[in-house]
Amino acid sequence: TTTIVSFSTDHEARADFGPYTPGFEIVPYGDLTALDRAMTENTVAVLLEPIQGEAGVLVPPAGYLAGVRELTRARNVLFVADEIQSGLGRTGRTFACEHEGVVPDMYVLGKALGGGVVPVSAVVSSAEILGVFRPGEHGSTFGGNPLACAVALEVVAMLRTGEFQRRAAELGEHLHHELGLLVGGGAVEAVRGRGLWAGVDIAPSLGTGREISERLMDRGVLVKDTHGSTIRIAPPLVIDREDLDWGLEQLRAVLGV
Ligand SMILES: Cc1ncc(COP(=O)(O)O)c(C=O)c1O
């Protein structure tokens with residue numbers, strides 16, 4: 001967390017939480033030219049979310065991830081994909097990078113890795129890259145927790161069949177179709193996302209993201225607010241269509257549409 005907030009542009013998350021991890025150069029998301037310009041002979045890695053979660057489920061312009069892969073390869077720089085929110089089936093693929101046929105050098109994983117039950121995170125890469133660490137050099141109180149690792153292994157096994165990626169893709173299409181119908185009617189300004197993941201910009205006149213989230217919570221639907229009047233919808237990947245439709249009904253009721 002301290003490293004991630006070190007290069008956050010979110011004042012609320014960053015201010016007064018220093019000292020920061022040094023060495024990061026921040027570039028505008030989705031801008032390949034800016035990324036290219038920021039790289040020097042001392043650049044070792046590019047770290048990004050293939051879809052930005054906290055920022056409001058921001059999907060980068062088409063070709064961006066493939067472009068980052070090309071640039072990093074050409075400059076012998078590591079491409080690190082933070083898929084803590086976007087990974088493990090959420091977007092309809094195992095990794096969000098797959099939507100552009102991209103395989104980064106490293107994945108950062110968490111959240112769904114514990115099945116929503118236990119806290120566990122992982123850095124995944126090749127032996128060549130992770131081999132720079134030797135056993136015992138870096139420890140962690142909770143790292144290697146047997147229960148968490150057992151759950152994480154089961155999550156990986158569940159993803160192997162492709163069932164949850166398929167569910168997220170199919171139900172996600174339905175979710176985005178329904179949310180798309182709300183855009184332009186006055187209550188919803190924009191919808192973004194992929195699979196079972198959506199950022200919904202609600203008209204500020206209807207309340208802040210927090211207020212709207214609380215109104216939804218009163219109706220039994222948990223979403224997460226981000227900046228302004230944006231909410232994030234990320235239902236469990238085991239959800240069925242009826243429950244998803246019920247959730248959408250609650251959203252329409254809260255928005256008065
Ligand atoms: C996209 C993303 N990256 C990194 C982190 C930080 O991970 P951790 O909580 O394991 O420090 C989070 C946590 O919410 C996150 O959502």
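Let me start with strands S2 and S3 of this predicted model, where residues 78-82 of S2 and residues 106-109 of S3 run parallel and are joined by three bridges. Within that pair, Ala81 is the residue that stands opposite Tyr107 in S3. The two strands belong to an open sheet of four, in the order S1-S2-S3-S4, and the pairing across that sheet is mixed. At the edges stand S1, covering 45-48, and S4, covering 122-125, and because each has a single partner strand, one side of each is left without a neighbour in the sheet. As for the twist, neighbouring strands of this sheet are turned against each other by 20° on average, if direction is ignored.

From the sheet I would like to move to the ligand. Which residues surround the ligand? They are Thr1, Ile4, Glu49, Asp82, Ile84, Gln85 and Lys111, and Asp82 also falls within the residue range 78-82 of strand S2. Three of these side chains deserve a closer description. In the case of Asp82, an N or O atom of the side chain is 2.5 Å from a nitrogen atom of the ligand. For Gln85, a polar side-chain atom lies 2.8 Å from an oxygen atom of the ligand, while for Lys111 the distance from an N or O atom in the side chain to a ligand oxygen atom is 2.7 Å.

Next, the packing of the interior. The largest nonpolar core has 25 residues, and those with the most contacts inside it are Leu179, Leu196, Val200, Leu216, Ile231, Ile233 and Leu251. At least two residues of this core come from each of the following elements: helix H7 (163-180), strand S6 (198-202), helix H8 (209-218), strand S8 (230-233) and helix H9 (241-255). Taking Leu179 as an example, and leaving aside its neighbours within four places in sequence, we find this residue in contact with Val191, Ala198, Val200, Ile233, Leu248 and Leu251. There is also a second, separate core, which has 24 residues and includes Val46, Leu48, Val68 and Val155.

Val46 brings me to Thr72, a residue of helix H4. Is Thr72 buried or exposed? Its relative accessibility is 0%, so Thr72 counts as buried. Again leaving aside neighbours within four places in sequence, Thr72 is in contact with Met39, Val46, Val77, Leu78 and Phe79.

I will finish with the backbone. As a reminder, most residues other than glycine have a negative phi, and most peptide bonds are trans. Against that background, Val57 has a positive phi of about 55° although it is not a glycine, and Asn76 likewise has a positive phi of about 55° without being a glycine. Val57 is found in the loop between S1 and helix H4, which spans 64-74, whereas Asn76 is in the loop between H4 and S2. Where do they stand with respect to the surface, buried or exposed? Val57 is buried, with a relative accessible area of 0%, but Asn76 is exposed, with a relative accessible area of 72%.

The last item is the peptide bond from Gly18 to Pro19, which is cis, with omega near 0°. Pro19 has its place in the loop between helix H2 (11-14) and helix H3 (32-38).

Conventions: Residues are numbered from 1 along each chain as its sequence is written. This is a predicted model: local features need pLDDT of at least 70, side-chain atom pairs count only at pLDDT 80 or more; totals for chains, interfaces and linings use all residues. Side-chain values use heavy atoms; hydrogens and water are left out. Two strands pair if DSSP finds at least two bridges between them. Axes are lines fitted to C-alpha atoms, for helices over the stretch in contact, and angles run from 0 to 180 degrees between N-to-C directions. A nonpolar core is a set of buried Ala, Val, Leu, Ile, Met, Phe, Trp, Tyr and Cys residues joined through side-chain atoms within 4.5 Å. Buried means under 20% relative accessible area, exposed over 50%, partly exposed in between (1.4 Å probe, protein chains only). Contact means heavy atoms within 4.5 Å. A residue is near a molecule or strand if one of its heavy atoms lies within 4 Å of it. A polar contact is a pair of N or O atoms within 3.5 Å; within protein, one must be able to donate a hydrogen and the other to accept it, and residues adjacent in sequence count only if both atoms are side-chain atoms.
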